[in-house]
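Let's take a friendly tour of a protein, looking at its open spaces and at its nonpolar interior. Keep the model in view as you read.

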Amino acid sequence: MIKAIIWDMDGVLVESEAMHVQAEAETLREYDIDLSNIDCTQFMGMNLQQYFEEIARKMGRDLPIDEIIQKHSETLRGYYSQKFPIVPHAPEVVRALSEKYPTALATSMRRRLADLYLARIGITDCFTVIIGGDQVQHAKPDPEIFLTAAERLNVDPSEALIIEDSGHGIHAGKAAGATVLARQADHNRTQDLSHADHIITDLREISEKLEVLG
């Protein structure tokens, strides 16, 4: 029986994945790095530390990761507060479900960036718990962030429905012992989402899935 809902943010509530590469390219141009020949979709679901470490490894470069993260966080402030499109029906679906279930946000993105976006679309108050990737030690696919969210919601992870969009996030959710629902969209059509328990293309389908799950 589902007693709580835990949301990912990027690719689930905010249509950011395609534009993330644009923002990352903007930051990395300062370090003479061109992302045009790198398939960045393979890094979906990673936190910024992991992401830029993987880019450095791919490019064979020794990069100042902490400095890049700081610069990129400033770049992203503008994207989350103004530029990233809202996933269709996200605000109303989150609000409707939060009236029935304790709700958490568990995102690989930094907490202050998550707060910016939630405030922009007016749903901050829908979440009992908000956890950013900078507030846990281990990033997805490690289940730490989901286990922490479930604990703070006072539910067993097996009683939580996690809504994700990336392979890393799905594996983290399953490792936590939760039911995982994946949102499929243009940005992740080439990803393997088969490990999710359910796949949807429209957030309004979540209510129907919950009726089946109980």
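## The largest pocket

In this predicted model, the largest pocket has a volume of about 320 Å³. It is lined by 23 residues, and those closest to its centre are Glu17, His20, Phe43, Met44 and Gly45. Two elements, α1 (17-28) and α2 (48-59), each give two or more residues to the lining. The largest share, five residues, comes from α1.

What classes of residue make up the lining of this pocket? There are nine nonpolar, eight polar and six charged residues.

## The largest nonpolar core

Here is a helpful idea to carry along: in soluble globular proteins, nonpolar side chains tend to be buried together. In this model, the largest nonpolar core has 55 residues. Trp7, Leu13, Phe127 and Ile206 are the ones with the most contacts inside that core.

Which elements give two or more residues to this core? They are the strands β1 (4-7) and β4 (160-164), along with the helices α1, α2, α3 (65-83), α4 (90-98), α5 (111-121) and α8 (206-213). The largest share comes from α3, with six residues.

## A look at Leu13

Try finding Leu13 in the structure. Leaving aside residues up to four places away in sequence, Leu13 touches Trp7, Asp8, Ile86, Val87, Ala90, Val94, Leu105, Tyr117 and Phe127. Two of these partners, Trp7 and Phe127, are also listed with Leu13 among the residues with the most contacts inside the largest core.

## A second core

There is also a second, separate core of 23 residues. Ala4, Leu153, Ile170 and Val180 are among its members.

Note on methods. Residues numbered from 1 in each chain as written. Predicted model: local features only at pLDDT ≥ 70, side-chain atom pairs only at ≥ 80, totals over all residues. Heavy atoms only, no water. 1 Å grid on protein atoms, 1.4 Å probe; cavity = no way out; pocket = protein on both sides within 12 Å on 5 of 7 lines; lining within 4 Å. Points joined across faces, edges and corners; volume = space filled by probe spheres on them. Helix = DSSP H or I, 4+ residues; strand = E, 2+ residues; numbered from the N terminus. Nonpolar A, V, L, I, M, F, W, Y, C, P; charged D, E, K, R; others polar. Core = buried A, V, L, I, M, F, W, Y, C linked by side-chain atoms within 4.5 Å. Buried < 20%, exposed > 50% of the residue type's maximum accessible area, 1.4 Å probe, protein only. Contact = heavy atoms within 4.5 Å.
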